[in-house]
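Here is a walk through one structure, with the aromatic residues as the way in. Have the sequence and the model open side by side.

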Amino acid sequence: MASTDTTPPDAAEGAPDARQDLAGLEAGLDALETSGPARVPLRRTLVAKVLPPVTAIVLVLVVWELLVLAHVAPSYKLPSPGAVWGEVTDAWEQGTLLGYIWTSVERGLLGFLLALVIGTPLGLVVARVKPVRAAIGPILSGLQSLPSVAWVPPAVIWLGLNDRMMYAVILLGAVPSIANGLVSGVDQVPPLYLRAGRTLGATGLRGTWHIVMPAALPGYLAGLKQGWAFSWRSLMAAEIIASSPDLGIGLGQLLENGRTNSSMSMVFLAIFLILIVGVAVDLLVFSPLERWVLRSRGLVTKS
């Protein structure tokens with residue numbers, strides 16, 4: 001009987017080689033998908049991330065010194081960088097420099113954590129419950145646009161000159177930003193995610209924890225970043241306006257002391273310290289969180 005195999009002899013002999021080539025191709029694609037990003041050399045990191053801000057700072061100092069040498073303004077209005085550095089060294093030698101910074105940083109971080117605890121559940125309730133959103137949503141938006149300094153006088157009258165007043169001003173400034181950020185993040189969650197979660201049994205608190213919060217994380221993180229900015233600005237406004245020996249000297253009080261004493265070098269010192277703390281918190285806390293969120297979504301392949 002004639003054979004029914006219609007496969008050409010050459011094709012039959014080459015089939016194992018073709019299967020091996022296909023397997024090698026699949027293995028290569030799997031390796032591309034699973035391989036992590038290559039480690040960035042230290043020199044490249046320094047050039048890309050450290051050199052630009054250092055160059056900008058140097059340029060600012062050079063321009064500043066040139067303006068001083070050109071006598072654009074009297075020295076009591078525009079102190080030289082050396083005079084401001086003298087204030088730094090004096091505060092360091094007196095042991096008060098770190099105290100100024102820590103007094104404000106401790107209040108700011110604790111107030112922000114309290115705002116986080118209050119603003120997160122508030123944002124979830126506003127985002128998920130329509131009657132609550134209709135009632136409270138516009139109020140949160142209005143509170144977010146209200147300057148934080150407006151809360152200082154009533155907080156002083158209600159609570160007095162103490163740390164509770166400081167924390168109240170921080171909460172009133174930061175909670176609306178955190179809540180609105182989370183509401184915005186929840187609004188951007190694709191409905192397909194919610195339907196898939198309900199199909200898998202992720203409803204109620206379980207669906208909120210496993211579906212809603214991870215999907216809303218970018219918007220929530222933006223709200224946290226803005227909430228910290230409002231916390232820090234609210235605290236500085238409270239420290240500038242409300243001064244008392246019992247409150248200690250923070251950066252805002254240092255700024256006010258410089259104005260009272262007509263010491264522009266002290267004023268510049270306070271401004272620079274306030275700026276440095278804000279930049280440090282952003283670089284050490286929020287920037288790593290943003291990179292982690294982007295990497296977890298496949299939007300960034302290199303650190």
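F268 has a relative accessible area of 19%, so this residue counts as buried, the cut-off being under 20%. Keep in mind that this is a predicted model. Its partner F272 comes out as partly exposed, because its relative accessibility is 30%. F268 and F272 make an edge-to-face aromatic pair, with 6.0 Å from centre to centre and 70° between the planes. Both sit in helix 12 (residues 264-296), 4 residues apart, which is about one turn of the helix.

How many aromatic pairs does a search of the whole structure find? The count is 6. Another of these joins F112 and W228: their ring centres are 6.0 Å apart and their planes stand at 90°, so this pair is edge-to-face. Here the partners come from separate helices, F112 from helix 4 (residues 97-128) and W228 from helix 10 (residues 217-241), so the pair ties together parts that are 116 residues apart in sequence. F112 and W228 are both buried. The two of them also belong to one aromatic cluster, together with W232 and F286.

Let's stay with helix 10 for a moment, since R233 is found there as well. Is R233 buried or exposed? With 51% relative accessibility, R233 counts as exposed, because the cut-off is over 50%. R233 lies over the face of F230, 4.7 Å from the ring centre. If you look at the backbone instead, the C-alpha atoms of R233 and G108 are 9.2 Å from each other, although 125 residues separate the two along the chain.

Now for how helix 10 packs. Two packed helices are described by the angle between their axes and the distance between the axes. For helix 7 (residues 163-187) and helix 10, the angle is about 160° and the axes are 7 Å apart. The two helices are therefore roughly antiparallel to each other, and helix 7 passes helix 10 in a right-handed crossing. On the helix 7 side, the residues in contact include G173, G181 and G185, along with M165, M166 and V169. Helix 10 brings, among others, G219, G223 and G227 to this contact, and F230 is there too. That is the F230 whose face has R233 lying over it.

Next, a look at the loops. Most residues other than glycine have a negative phi, and most peptide bonds are trans. Which residues have a positive phi although they are not glycines? H71 and S262 are two such cases, set out here:

| Residue | Phi | Loop | Relative accessibility |
|---|---|---|---|
| H71 | about 55° | between helix 2 (42-69) and helix 3 (81-93) | 68%, exposed |
| S262 | about 55° | between helix 11 (251-260) and helix 12 | 62%, exposed |

Finally, step back to the whole chain. The protein chain has 12 helices and 0 strands, so reading from the N terminus the elements run α-α-α-α-α-α-α-α-α-α-α-α. Of its 303 residues, 33% are buried. Among contacts with a separation of 6 or more, 72% are between residues 24 or more positions apart. The pair of F112 and W228, at 116 residues apart in sequence, is one example of parts tied together over such a separation.

Terms used:
Residues are numbered from 1 along each chain as its sequence is written. This is a predicted model: local features need pLDDT of at least 70, side-chain atom pairs count only at pLDDT 80 or more; totals for chains, interfaces and linings use all residues. Side-chain values use heavy atoms; hydrogens and water are left out. Rings of Phe, Tyr and Trp (its six-membered ring) pair if their centres lie within 6.5 Å; planes under 30 degrees apart count as stacked, over 60 as edge-to-face and the rest as tilted. Buried means under 20% relative accessible area, exposed over 50%, partly exposed in between (1.4 Å probe, protein chains only). A charge sits over a ring if NZ of Lys or CZ of Arg is within 6 Å of the ring centre and within 35 degrees of the ring normal. Axes are lines fitted to C-alpha atoms, for helices over the stretch in contact, and angles run from 0 to 180 degrees between N-to-C directions. Angles under 35 degrees count as roughly parallel, over 145 as roughly antiparallel, 65 to 115 as roughly perpendicular and the rest as oblique. A crossing is left-handed if the near helix is turned anticlockwise from the far one by less than a right angle, and right-handed if clockwise. Contact means heavy atoms within 4.5 Å.
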